[in-house]
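Colleague: I am new to this structure and would be glad of a close look at a single part of it, with the surroundings described as far as they help. Please take your time and keep the answer connected.

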Amino acid sequence: MRSIWNGAISFGLVSIPVKLVNATENHSVSFRQIHLTDGGRVRYRKVCELDGEEVTAADIGKAYEGADGSMIPITDEDLGSLPLPTAKTIEIVAFVPADSIDPLQMDAAYYLSANGVPAAKPYTLLREALKRSRKVAVAKYALRGRERLGMLRVVDDVIAMHGLLWPDEIRAPEGAAPEAGVKVRDAELDLADALMATLGEVDMDSLHDDYREAVEELVAAKAAGEVPRRAESEESGGKVIDLIAALESSVRAAKEARGGEPEEGGEEAPVAKVTSIADRKMSGGTRSPKSSDAKKSTAGARKTAAKKSAPSGGTGAKKKATGRSTAAKKTTAKKTTAKKTTPKKQSGAKSAPRKRASA
């Protein structure tokens with residue numbers, strides 16, 4: 001890797017010669033600007049405002065623009081002669097716990113490589129001291145015309161440095177939080193915890209840039225004269241979702257994505273169908289056909305049973321009721337007659353009264 005800065009780490013009275021190399025690289029697909037009419041590439045040219053002539057990089061210098069618009073030339077020699085100990089030195093100023101650094105301050109990342117054989121011993125000493133203390137070093141250094149803040153930590157067997165923004169460069173989060181008065185129920189928090197536990201951890205090496213791969217496929221298809229594959233349009237737009245139902249559905253989807261098995265010692269979270277409030281309003285509160293049919297069949301069965309058990313108000317029902325009462329009266333009269341004519345405690349005489357009663 002090509003070094004972008006050469007200097008030394010100042011560790012008390014110990015000086016460690018190092019080279020600074022980029023620890024990250026950009027894999028984004030870059031595009032060029034073209035003229036839509038003929039496809040010709042559009043380039044930017046640097047032109048002097050005074051004479052209108054194009055100038056090369058060798059003819060371009062730095063200047064500070066004053067309040068009145070005047071230009072004050074500043075040369076590299078001027079910047080190099082500044083009385084700064086960090087011009088060519090990464091000066092360690094403190095050792096602090098790693099969690100005391102706000103991630104909002106994190107900027108570019110670099111690797112510090114020992115520059116030469118004599119630097120190997122003090123470099124290893126600083127690396128092992130950082131490992132044993134479990135702390136990070138806060139340092140100041142100068143790069144690209146300005147003094148910067150940095151954090152040194154150990155990555156594998158290499159000392160890495162993260163550029164840090166100065167504390168006054170971090171904006172206060174004013175107006176970014178939701179309006180006051182929003183409350184979250186315990187049931188919602190429980191479901192959020194269940195979703196977090198279901199999603200679990202991830203191997204960071206398994207994550208990749210899907211957008212970049214899609215752009216590369218698009219470019220390859222157009223270069224081959226093929227019709228690029230179009231993504232299906234998804235409806236989106238401001239639907240108010242039941243939060244509880246959405247969380248429950250998310251837990252179910254996460255479990256299915258991980259094999260459909262609940263975690264050990266855990267229980268399956270109840271899953272409800274996600275239905276937006278807008279959908280309910282549009283449907284007018286109607287229910288599904290299955291539930292309607294089931295209710296109709298149940299209601300029909302109840303009506304049939306009611307008809308059998310209770311007499312209706314029709315003429316046929318009245319006749320049936322009158323016939324039943326008349327038959328009941330006749331039966332009662334026959335039983336009374338049979339009791340009067342049948343002698344007591346006579347065996348075999350029961351059939352005669354029964355025959356007379358039936359006749």
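Modeller: A good place to start is R146, which counts as partly exposed because its relative accessibility is 36%. Before going further, please keep in mind that this is a predicted model. R146 forms a salt bridge with E169, and the closest N and O atoms of the two are 3.3 Å apart. The pair links distant parts of the chain, since R146 sits in strand β8 while E169 sits in the loop between β9 and α3 (186-199), 23 residues apart. E169 also counts as partly exposed, in its case at 34% relative accessibility.

From R146 the path leads to Y141, as R146 is among the residues in contact with Y141 once the neighbours of Y141 within four places in sequence are left aside. Y141 is found in strand β7, which covers residues 135-143, and it counts as buried because its relative accessibility is 2%, where buried means under 20%. Its other contacts of this kind include T86, T89, I90 and Y110, and further along the chain E147, R148, L149, G150, M161 and G163. One of these partners, T86, is 55 residues away from Y141 along the chain, and yet the C-alpha atoms of the two are separated by 4.7 Å.

Just before strand β7 comes R134, which is found in the loop between α2 (120-133) and β7. Phi of R134 is near 55°, a positive value in a residue other than glycine, and R134 counts as exposed at 74% relative accessibility. On the other side of R146, strand β8 covers residues 146-155, and D156 is found in the loop between β8 and β9 (158-164). D156 likewise has a positive phi, of about 60°, although it is not a glycine, and D156 is exposed, with a relative accessible area of 68%.

The salt bridge of R146 can be set beside others in the model, for which the count comes to eight. D76 and K62 form one of them, with their closest N and O atoms 2.7 Å apart. D76 lies in helix α1 and K62 in strand β3, so this pair ties together parts that are 14 residues apart in sequence. D76 counts as exposed at 51% relative accessibility, whereas K62, at 48%, counts as partly exposed.

Another salt bridge joins the side chains of R229 and E217, at 3.6 Å from N to O. Here R229 lies in the loop between α4 (210-223) and α5, and E217 lies in helix α4, so the pair ties together parts that are 12 residues apart in sequence. R229 is exposed, with a relative accessible area of 74%, while E217 is partly exposed, with a relative accessible area of 47%. In addition, salt bridges that share partners join R127, E128, K131 and D157 into one network.

Two surface patches complete the surroundings. L79, L82 and L84 form a nonpolar patch, with about 220 Å² of accessible area together; of these, L84 is found in the loop between α1 (76-80) and β5 (89-97) and is partly exposed, with a relative accessible area of 36%. A positive patch is formed by R32, R41, R43 and R45, and among them R43 is found in the loop between β2 (14-22) and β3 (62-65), where R43 is exposed with a relative accessible area of 58%.

For the wider setting, the secondary structure of the protein comes to nine helices and nine strands, and buried residues, such as Y141, make up 17% of the 359 residues. Residues 24 or more positions apart account for 60% of the contacts with a separation of 6 or more. The accessible surface of the protein comes to about 28800 Å², and carbon and sulfur atoms account for 54% of that surface.

Terms used
Residues are numbered from 1 along each chain as its sequence is written. This is a predicted model: local features need pLDDT of at least 70, side-chain atom pairs count only at pLDDT 80 or more; totals for chains, interfaces and linings use all residues. Side-chain values use heavy atoms; hydrogens and water are left out. Patches are made of residues with over 30% relative accessible area and no salt bridge: like charges are joined within 9 Å, nonpolar side chains (Val, Leu, Ile, Met, Phe, Trp, Tyr) within 5 Å. Accessible areas come from the Shrake-Rupley method with a 1.4 Å probe; for residues, only the protein chains shown count as cover. A salt bridge is a side-chain nitrogen of Lys or Arg within 4 Å of a carboxyl oxygen of Asp or Glu. Lys and Arg count as positive and Asp and Glu as negative; His and the chain ends are not counted. The place of a charge is taken as NZ of Lys, CZ of Arg, CG of Asp or CD of Glu. Helices (H or I, at least four residues) and strands (E, at least two) are DSSP runs, numbered from the N terminus. Buried means under 20% relative accessible area, exposed over 50%, partly exposed in between (1.4 Å probe, protein chains only). Contact means heavy atoms within 4.5 Å.
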